[in-house]
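Please examine the sequence and the structure shown below before reading on. The explanation that follows is meant to be read with both in view.

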Amino acid sequence: MSHDHDENLNESPNEHFQDVLARGTRTPLNRRNLIRGGVGLAALSSLPFLAACGGGGDAAPAPAPAAPNNRALGFSAIDKSLLDDVVLPPGYTYRVVHATGDRLVSSIPAYSNTGAETDEWTMRVGDHHDGMDIFYMTAGGQFTTTDTGRAVLVMNHESSADAHFFHPNGQTSAGVSGKKFSQFDSWDLGVRPELEVLKEINHHGVSVAEVGKNSSGQWEYKLDSLYNRRITGQSPMRIAGPAAHIADIRSFMVTAFDTTGATSRGTLNNCGHGKTPWGTYLACEENWAAYFFMPNGSVDVDARTKASRQRYGVMRAPNTATTAGSQGWSATATAATDDRFGRWNVSAPGGTAALDFRNEPNTFGYVVEIDPLTSGTPAKRVALGRFAHEAAVCSLPVVGQPLAFYMGCDSRNEYIYKFVSTAVWSAADVGGGMAAGDKYLNEGKLYAAKFNDTGTGEWLELNIANPLIAGYATYVFANQADVLVNARHAADAVGATKMDRPEWGAVNPANGEVYFTMTNSNAASRPVTGTNAANPRSYADSDGRAQTGNPNGHIIRFRETAGASNATTFNWDIFLFGAEEDAGANINLSRLTAKNDFSSPDGLWFSKVTGICWIQTDDGAYTDQTNCMLLAAIPGTVGDGGAITVNNSLGGVTGTQNTFLGAALGEARLRRFLVSPRGAEVTGITESADGRAIFVNIQHPGENTPAIGAGPSFTFQSQWPGNARGAAAYGPAGRPRSATIVITRTDGGVIGV
């Protein structure tokens with residue numbers, strides 16, 4: 001995620017994970033005493049873990065081949081860096097595959113990097129490269145899991161928040177150029193040029209581009225490929241969901257665009273992603289809510305609509321100013337007559353939903369399935385719930401067993417979810433496209449996670465039959481469709497556990513265990529009470545940059561009972577805590593060093609070739625010492641560490657918290673592999689089938705650049721990739737651009753080993 005969404009929209013009384021950890025009933029190991037006694041955290045791996053955290057008898061699905069977890073990584077860790085370039089270990093090199101604005105067809109001009117393009121960007125690579133995956137295809141264009149030498153690279157484009165780089169003089173409002181507006185800003189209402197707005201809408205969505213090796217053996221994208229395609233903020237979408245509830249679901253989607261609610265337009269703010277076993281791509285709509293606005297004087301249609309909008313953060317103008325939404329997309333001269341722009345105004349002037357766009361926010365917040373090898377219409381899979389989706393990662397498929405898809409809701413104090421398919425997996429569905437998606441993603445059960453203080457957890461089904469949901473007073477549910485469309489309220493009702501910004505998930509191919517990044521939390525969004533435990537730490541940033549709470553984040557992992565995708569219980573521990581190396585023993589619980597310390601884990605992905613867990617950061621707490629980074633880890637298993645006690649302090653408030661921590665990895669099994677250019681987030685990663693190339697996204701380099709034309713002292717924070725060193729330099733120099741890079745070893749070997 002490229003922007004830090006601090007707003008707390010969860011006012012439910014549900015327990016936060018910090019409360020779970022504070023209430024631990026077992027006698028914990030005291031980490032400070034262990035260290036004082038000379039045992040050290042590394043010794044925790046030899047201590048017997050509590051049985052409730054998962055014994056060795058759990059039957060797991062047949063694992064994919066992966067390297068053992070007791071080996072050392074095969075590259076030299078790199079130092080932290082503030083350079084404006086991608087830094088890699090010795091023996092590795094990178095080149096750019098494509099960058100924001102690159103054309104997909106030769107019928108439009110090559111990108112100028114001056115903002116002068118006069119097309120609407122419907123066939124240019126979008127902005128804010130994020131989650132991505134690679135799909136191999138046969139000579140006939142069918143999906144295959146075999147490396148055929150032909151593939152498409154599919155990726156999300158999260159935001160247009162740095163759109164000032166893509167207009168000649170920055171964004172324009174009320175005739176004034178040179179503005180820069182962030183994703184969550186409100187800004188002065190004025191008439192915006194329509195072309196600017198169309199560019200920004202089309203920055204969003206998904207890009208599909210054919211990739212392959214050229215005659216020199218280097219990876220590149222192929223201009224004019226039949227498979228090159230854009231899905232944007234305006235592309236038609238099919239509304240799909242459980243057959244028994246589809247009519248009710250579509251009643252929430254009725255707008256002047258489609259009075260039946262069967263279709264909608266566009267996908268926004270796609271961050272993490274998923275890949276299905278049958279060969280389709282899952283784009284996940286994250287912070288979509290901030291794109292809408294209501295003019296001053298507008299009122300919500302009814303109390304339920306107001307409660308829904310407040311829980312999801314749909315923007316409302318303050319009473320004292322005339323403001324538009326975060327990007328001002330309805331602030332065009334033709335907004336009243338052209339619904340491409342008017343749709344972002346969610347007031348209700350028409351009298352009925354079929355005459356206006358009051359329901360437009362209901363059409364966003366879903367997992368969007370796309371078949372990357374056809375031109376078919378994407379589907380919004382409502383059965384997987386509506387929230388700020390961050391990734392939708394599939395369990396290891398086992399023939400005859402249902403599939404589970406794990407999802408985070410990326411905002412502080414939100415939840416982890418799981419969808420379990422009614423249909424059981426059949427290998428015959430590989431290559432089945434959207435028809436297979438209808439089979440597995442429309443019918444099933446949606447759950448939210450509750451983490452217990454004993455190292456166990458449970459999945460709470462979100463179903464109108466549950467009296468806690470049917471009788472929930474804060475939001476009165478009409479039916480099961482309402483539960484799916486307002487899944488955040490439903491998770492509140494059943495008592496799911498509030499978490500510290502659940503972002504990407506990943507499934508370990510060796511054993512099916514599930515990992516999630518908790519990117520961070522802070523005291524501003526989660527008031528400090530009691531001992532101020534924060535999953536389970538609560539502290540002030542050691543460098544004094546007013547970062548408090550849990551500014552460095554952590555990674556949690558869990559194992560389903562008996563390894564079953566449809567299990568309703570699980571066991572958990574904390575895999576890693578982010579921290580600065582010198583933060584002190586009660587903050588740096590994973591004993592990170594200068595070679596592997598990190599902050600704000602965000603992207604997360606496992607290599608099927610090597611078993612390496614790749615960790616990507618989106619950090620604002622450590623930027624005085626380093627740009628964001630990519631680390632490699634060789635994971636163990638849930639329960640390989642032990643119980644510990646954390647001693648917290650923040651603002652004079654002290655206390656202890658109990659938790660369960662995985663075995664320390666040390667520098668041998670956790671190393672820094674890449675550091676990004678200035679201002680960039682490292683996010684999105686996939687690999688070639690042989691593991692000899694990995695693709696990594698560098699998002700929003702130079703995001704802290706002041707608005708173009710802001711004054712005589714204006715300078716770029718970054719000018720990457722045009723300024724990269726040597727052969728890595730790419731495209732016209734000047735303004736920074738998000739880009740996808742491919743990393744290889746100079747000796748042609750497998751990455752990371």
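The paragraphs below treat strands and sheets, aromatic pairs, a covered helix and salt bridges in turn.

The model is a predicted one. A suitable place to begin is an open sheet of six strands, arranged in the order E12-E11-E17-E16-E14-E13 with mixed pairing. Strand E12 (263-265) and strand E13 (270-275) are the edge strands, each of them pairing on one side only. From one strand to the next, the twist averages 35°. Within this sheet, strand E14 (residues 281-285) and strand E16 (residues 367-370) run antiparallel and are joined by four bridges. In this pairing, leucine 282 stands opposite glutamate 369 of E16. In a regular strand, the side chains alternate between the two faces of the sheet.

Another antiparallel pairing involves strand E1 (residues 92-99), where six of the eight residues are buried, leaving the strand mostly covered. Its partner is strand E40 (residues 739-745), to which E1 is joined by seven bridges. Here tyrosine 94 faces isoleucine 743 of E40, the two standing opposite each other.

The aromatic residues come next. A search of the whole structure yields 37 aromatic pairs. One of these joins tryptophan 459 and phenylalanine 558: the ring centres are 5.8 Å apart and the planes meet at 70°, so the pair is edge-to-face. Because tryptophan 459 belongs to strand E23 (residues 456-461) and phenylalanine 558 to strand E30 (residues 554-560), the pair ties together parts that lie 99 residues apart in sequence. Both tryptophan 459 and phenylalanine 558 are buried. An edge-to-face arrangement is also found for tyrosine 515 and phenylalanine 606, with 5.1 Å from centre to centre and 70° between the planes. Tyrosine 515 is part of strand E26 (residues 514-518) and phenylalanine 606 part of strand E32 (residues 601-606), so this pair ties together parts 91 residues apart in sequence. Tyrosine 515 counts as buried because its relative accessibility is 0%. Phenylalanine 606 is likewise buried, with a relative accessible area of 5%.

Which residues do ring pairs link into a cluster? The cluster consists of Tyr406, Phe451, Trp459, Phe516, Phe558, Phe570, Trp572 and Phe660. Rings also meet charged groups in this model: the charged end of lysine 380 sits over the ring of phenylalanine 364, 4.1 Å from its centre. Similarly, lysine 418 places its charged end over the ring of tyrosine 447, at 5.7 Å from the ring centre.

Helix H10 (residues 487-494) is mostly covered, with eight of its eight residues buried. Among the buried residues of H10 are Arg488, His489 and Asp492. Just after H10, glycine 495 adopts a positive phi of about 90°.

Side chains of opposite charge can pair when their charged atoms come close. The salt bridges in this model number 31. In one of them, arginine 238 pairs with aspartate 438, and the closest N and O atoms are 3.3 Å apart. This salt bridge links distant parts of the chain, with arginine 238 in strand E11 (residues 236-240) and aspartate 438 in helix H7 (residues 433-441), 200 residues apart. Strand E11 is also a member of the six-stranded open sheet. Arginine 238 counts as partly exposed at 27% relative accessibility, and aspartate 438 counts as partly exposed at 29%.

A second salt bridge forms between the side chains of arginine 304 and aspartate 482, at 2.1 Å from N to O. Arginine 304 lies in helix H5 (residues 303-312) and aspartate 482 in helix H9 (residues 480-485), and the pair links parts of the chain 178 residues apart. Are these two partners buried or exposed? Arginine 304 is partly exposed at 29% relative accessibility, whereas aspartate 482 is buried at 0%.

Helix H7 takes part in a further salt bridge, between aspartate 429 and lysine 439, whose closest N and O atoms are 2.8 Å apart. Aspartate 429 lies in the loop between strand E21 (416-424) and H7, and lysine 439 lies in helix H7, ten residues apart. At 15% relative accessibility aspartate 429 counts as buried, whereas lysine 439 is partly exposed with a relative accessible area of 36%. Finally, salt bridges that share partners join Lys80, Glu581, Asp597 and Arg672 into one network.

Note on methods: Residues numbered from 1 in each chain as written. Predicted model: local features only at pLDDT ≥ 70, side-chain atom pairs only at ≥ 80, totals over all residues. Heavy atoms only, no water. Pairing = 2+ DSSP bridges. Axes fitted to C-alpha atoms, helices over the stretch in contact; angles between N-to-C directions. Phe/Tyr/Trp six-rings, centres within 6.5 Å; stacked < 30°, edge-to-face > 60°. Buried < 20%, exposed > 50% of the residue type's maximum accessible area, 1.4 Å probe, protein only. Lys NZ or Arg CZ within 6 Å of the ring centre and 35° of its normal. Salt bridge = Lys/Arg side-chain N within 4 Å of Asp/Glu carboxyl O.
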